[in-house]
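Welcome, and please open the model in your viewer. We will go from stop to stop, selecting residues as we go.

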Amino acid sequence: MSDHTGTTTHGTPPGPQPEPLRFFGTTWVDHDGGYALRRAGVAAGSLACAVAGALVLRFAYQGLAIAAVGGFVDALLVAMFAVCTAIAFNRTWQGFTRRPADPAREDALRSLKAIGFLGSLLAYFVRSLAEAPGEKLLRSEYETARARYEKRRSTRAGNPADRKKPKRS
């Protein structure tokens, strides 16, 4: 249902709607509604969580040092967290620019990303310095959908009931 102004009776414009982003909603479209403040909050929050997480990991490592489990276990633990953090950073960063090719594989890597949570938090921090994390991907998808919608609307001939019937002689 739409009225004469081109908006539906529910107040939403016709055509594709932007997908909301976590922490930002749809403010990323026009950079309004406290967008800059939200970006600063996401940057500060993700950095604070990364620092807190690093402190927790340090306490856990000190607990292993007190337990004197041995150099091999210490090295294995540090290597495991380093690799998981690097993978989590990479996967999170890639998720900001493109959709996963295989969502089932991303689900399988969820536990690995949880172990390397520092990488995900740092990716959020770095990305929020430039834009809302995931904004580039959603903006390109939204603009493509809007362009397709506008093209479909402009190529239509109009309401078939309004067309004049050709005269028969």
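Which residue follows H1, and what is the sign of its phi? Select Ala-68: this residue comes after H1, and its phi is positive, near 50 degrees. Keep in mind along the way that you are looking at a predicted model.

Now step back into helix H1, residues 35–67. Pick its two end C-alpha atoms and you should find them 48 Å apart. That agrees with expectation, because 33 residues at 1.5 Å a residue should span 48 Å. Next, colour the buried residues of H1: Tyr-35, Val-42, Ala-43, Ser-46, Ala-50 and Gly-53.

Two of these, Tyr-35 and Val-42, lead to the next stop, since they belong to the largest nonpolar core. To see its nine residues together, add Leu-21, Phe-24, Trp-28, Val-29, Ala-132, Leu-138 and Tyr-142. H1 and H6 are the elements that give two or more residues to this core.

Zoom in on Phe-24. Leaving aside residues up to four places away in sequence, Phe-24 touches Tyr-35, Arg-38, Arg-39, Val-42, Ala-132 and Pro-133.

The last stop is the largest pocket, with a volume of about 780 Å³. Select Gly-95, Phe-96, Pro-100, Glu-106 and Lys-113, which lie nearest its centre among the 25 lining residues. Helices H2 (71–95), H3 (103–108), H4 (110–115) and H6 (135–155) each give two or more residues to the lining, and H2 gives the most, with four. Colour the lining by class and you will see 10 nonpolar, four polar and 11 charged residues.

Methods
Residues are numbered from 1 along each chain as its sequence is written. This is a predicted model: local features need pLDDT of at least 70, side-chain atom pairs count only at pLDDT 80 or more; totals for chains, interfaces and linings use all residues. Side-chain values use heavy atoms; hydrogens and water are left out. On a 1 Å grid over the protein atoms alone, a cavity is a set of points where a 1.4 Å probe fits but cannot get out, and a pocket is an open set with protein on both sides within 12 Å along at least five of seven lines; lining residues have an atom within 4 Å of a point. Grid points are joined across faces, edges and corners, and a volume is the space filled by probe spheres set on the points. Ala, Val, Leu, Ile, Met, Phe, Trp, Tyr, Cys and Pro count as nonpolar, Asp, Glu, Lys and Arg as charged, and the others, Gly among them, as polar. A nonpolar core is a set of buried Ala, Val, Leu, Ile, Met, Phe, Trp, Tyr and Cys residues joined through side-chain atoms within 4.5 Å. Buried means under 20% relative accessible area, exposed over 50%, partly exposed in between (1.4 Å probe, protein chains only). Contact means heavy atoms within 4.5 Å. The expected span of a helix is 1.5 Å times one less than its number of residues.
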